[in-house]
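I opened this structure for the first time today and kept notes as I went. The entries below are in the order in which I looked things up.

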Amino acid sequence: MCISTVYKGTTPAPENILAEYITALSFGDGAVSVTDITGERTTLTGTITRIDLAAGKIFLDPS
């Protein structure tokens with residue numbers, strides 16, 4: 001199972017973390033819905049700019 005962290009912007013720093021332990025993503029209407037390992041779903045506004053599956057990092061442009 002791949003578990004990822006969603007970061008705001010392009011820098012994987014602790015202050016840029018938007019969501020952790022993410023197991024699923026879905027997209028629509030300028031928003032990204034993320035589901036964590038416990039099944040909790042959160043909707044984030046923005047566009048995914050990069051996903052690094054090997055490192056478990058997802059980068060989101062919130063504009």
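These entries go through the strands, one ring pair, a surface patch and a few single residues.

**Entry 1: what kind of model**

I noted before anything else that this is a predicted model.

**Entry 2: strand β3**

I began with β3, which covers residues 31-36. How many of the residues of strand β3 are buried? I found six of the six buried, so the strand is largely enclosed by the rest of the structure. The cut-off behind that word is under 20% relative accessible area.

I then checked which way the residues of β3 point. A31, S33 and T35 point one way, while V32, V34 and D36 point the other way. Both sets are buried.

**Entry 3: from β2 into β3**

Next I looked at strand β2, residues 17-28. I counted six bridges joining β2 to β3, and the two strands run antiparallel. I wrote down two of the residue pairings. A24 has T35 as its bridge partner in β3, and L25 stands opposite V34.

The two strands form a hairpin with two residues between them. In the turn I looked up D29, which has a positive phi of about 55°.

**Entry 4: from β3 into β4**

On to strand β4, residues 41-45. Which way do β3 and β4 run relative to each other? They run antiparallel, and five bridges join them. I noted that V34 stands opposite T42 and that A31 stands opposite T45. V34 thus turns up twice in my notes, opposite L25 of β2 and opposite T42 of β4.

This pair of strands is also a hairpin, with four residues between the strands. G39 takes a positive phi near 95° there.

**Entry 5: β1 and β2**

I went back towards the start of the chain. β1 and β2 pair in the antiparallel sense, over three bridges. V6 stands opposite A19 in β2.

I stopped at S4, whose place is in strand β1. S4 is buried, with a relative accessible area of 7%. Leaving aside neighbours within four places in sequence, I listed its contacts as E20, Y21, I22, G56, K57 and I58.

One of these, Y21, made me check its backbone. Y21 is found in strand β2, and it has a positive phi of about 55° although it is not a glycine.

**Entry 6: the aromatic pair**

How many aromatic pairs does the structure hold? I found one. Y7 and F59 form this pair, and it is stacked, at 5.7 Å centre to centre with 25° between the planes. Y7 lies in strand β1 (residues 4-8) and F59 in strand β6 (residues 57-61), so the pair ties together parts that are 52 residues apart in sequence. I checked the burial of the two residues, and both Y7 and F59 are buried.

**Entry 7: P12**

I looked up P12 in the loop between β1 and β2. Its relative accessibility is 39%, so P12 counts as partly exposed. Apart from neighbours within four places in sequence, P12 is in contact with Y7, K57 and F59. Two of these contacts, Y7 and F59, are the members of the aromatic pair.

I also took the distance to K57. The C-alpha atoms of P12 and K57 are separated by 7.6 Å, although the residues are 45 apart along the chain.

**Entry 8: a nonpolar patch**

Last, I turned to the surface. Which residues make the nonpolar surface patch? I listed L25, F27, I51 and L53, and the patch is about 400 Å². L25 was already in my notes as the residue opposite V34 in β3.

I looked further at L53, which is found in the loop between β5 (47-52) and β6. L53 is exposed, with a relative accessible area of 62%.

Methods:
Residues are numbered from 1 along each chain as its sequence is written. This is a predicted model: local features need pLDDT of at least 70, side-chain atom pairs count only at pLDDT 80 or more; totals for chains, interfaces and linings use all residues. Side-chain values use heavy atoms; hydrogens and water are left out. Buried means under 20% relative accessible area, exposed over 50%, partly exposed in between (1.4 Å probe, protein chains only). Two strands pair if DSSP finds at least two bridges between them. Rings of Phe, Tyr and Trp (its six-membered ring) pair if their centres lie within 6.5 Å; planes under 30 degrees apart count as stacked, over 60 as edge-to-face and the rest as tilted. Patches are made of residues with over 30% relative accessible area and no salt bridge: like charges are joined within 9 Å, nonpolar side chains (Val, Leu, Ile, Met, Phe, Trp, Tyr) within 5 Å. Accessible areas come from the Shrake-Rupley method with a 1.4 Å probe; for residues, only the protein chains shown count as cover. A salt bridge is a side-chain nitrogen of Lys or Arg within 4 Å of a carboxyl oxygen of Asp or Glu. Contact means heavy atoms within 4.5 Å.
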